[in-house]
Amino acid sequence: MKTLPLLALVALPEDIPEHKLSRGQMGTVVEHLQREGERAFLVEFSDEDGETIAMLPLKADQVIVLHKNSEAA
């Protein structure tokens, strides 16, 4: 399983309707979780005002890591 740093920006590859989250919605990794040998990431999703709309544990295959291009154009 890949390791993501805290505060990594991630996006959802598919909808999670039970939490009213849509594919492509961005969130932030806020904690690393491990239970009975299984690892996951606690991801916080916020609205445009910074208010938390959902916070849920997700496995690495449930998120897409977003990268910023560090090269100057």
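Mentor: Let's start with pLDDT, which is the predictor's confidence in each residue on a scale from 0 to 100. You'll want it here, since this is a predicted model. The chain averages 91, with 92% of its residues at 70 or more.

Trainee: Which element has the lowest mean pLDDT, and which the highest?

Mentor: β5 is the lowest of the elements, with a mean of 94, while strand β1 (residues 9-11) is the highest at 97.

Trainee: What makes up the fold, element by element?

Mentor: Reading from the N terminus, you get β-β-β-β-β. That's five strands and zero helices. The C-alpha trace spans about 45 × 25 × 20 Å along its principal axes.

Trainee: What makes Glu38 and Lys59 a salt bridge?

Mentor: Set the distance against the cut-off. A side-chain nitrogen of Lys or Arg has to lie within 4 Å of a carboxyl oxygen of Asp or Glu. Here the N to O distance is 3.0 Å, so the pair qualifies. Glu38 sits in strand β3 (residues 38-46) and Lys59 in the loop between β4 (52-58) and β5 (64-65), 21 residues apart, so the pair links distant parts of the chain.

Trainee: How many salt bridges does that rule give?

Mentor: The count is one.

Trainee: Are its two partners buried or exposed?

Mentor: Neither label fits. Buried needs under 20% relative accessible area and exposed needs over 50%. Glu38 comes in at 48%, so it counts as partly exposed. Lys59, at 39%, is therefore partly exposed as well.

Trainee: Why is Leu7 called exposed?

Mentor: Its relative accessible area is 67%. The bar is over 50%, so Leu7 is exposed. Leu7 lies in the segment before β1, and it touches Thr28 and Val29, leaving aside residues up to four places away in sequence. Its C-alpha atom is also 5.8 Å from that of Val30, 23 residues apart along the chain.

Trainee: What about Val65, which label does it get?

Mentor: Val65 belongs to strand β5. Its 21% doesn't fall under the 20% needed for buried, so Val65 is partly exposed. The C-alpha atoms of Val65 and Leu7 are 11 Å apart, with their places 58 residues apart in the chain.

Trainee: How do you know that Ile64 can join a surface patch?

Mentor: Patch members need over 30% relative accessible area and no salt bridge. Ile64, also in strand β5, has 42% and so clears that bar while counting as partly exposed. The nonpolar patch is Leu9, Met26, Ile64 and Leu66, with about 320 Å² of accessible area together.

Trainee: And on the inside, what makes a set of residues a nonpolar core, and which residues have the most contacts in the largest one?

Mentor: The members must be buried nonpolar residues joined through side-chain atoms within 4.5 Å. The largest core has 15 residues, and those with the most contacts inside it are Leu4, Leu21, Val29, Val43, Phe45, Leu56 and Leu58. β3 and β4 are the elements that give two or more residues to this core. Val29 touches several residues beyond four places away in sequence, including Leu4, Phe41 and Val43.

Trainee: How much of the chain is buried overall?

Mentor: Of the 73 residues, 27% are buried. The chain exposes about 5,600 Å², with 48% of that supplied by carbon and sulfur atoms.

How values were computed
Residues are numbered from 1 along each chain as its sequence is written. This is a predicted model: local features need pLDDT of at least 70, side-chain atom pairs count only at pLDDT 80 or more; totals for chains, interfaces and linings use all residues. Side-chain values use heavy atoms; hydrogens and water are left out. Helices (H or I, at least four residues) and strands (E, at least two) are DSSP runs, numbered from the N terminus. Buried means under 20% relative accessible area, exposed over 50%, partly exposed in between (1.4 Å probe, protein chains only). Patches are made of residues with over 30% relative accessible area and no salt bridge: like charges are joined within 9 Å, nonpolar side chains (Val, Leu, Ile, Met, Phe, Trp, Tyr) within 5 Å. Accessible areas come from the Shrake-Rupley method with a 1.4 Å probe; for residues, only the protein chains shown count as cover. Contact means heavy atoms within 4.5 Å.
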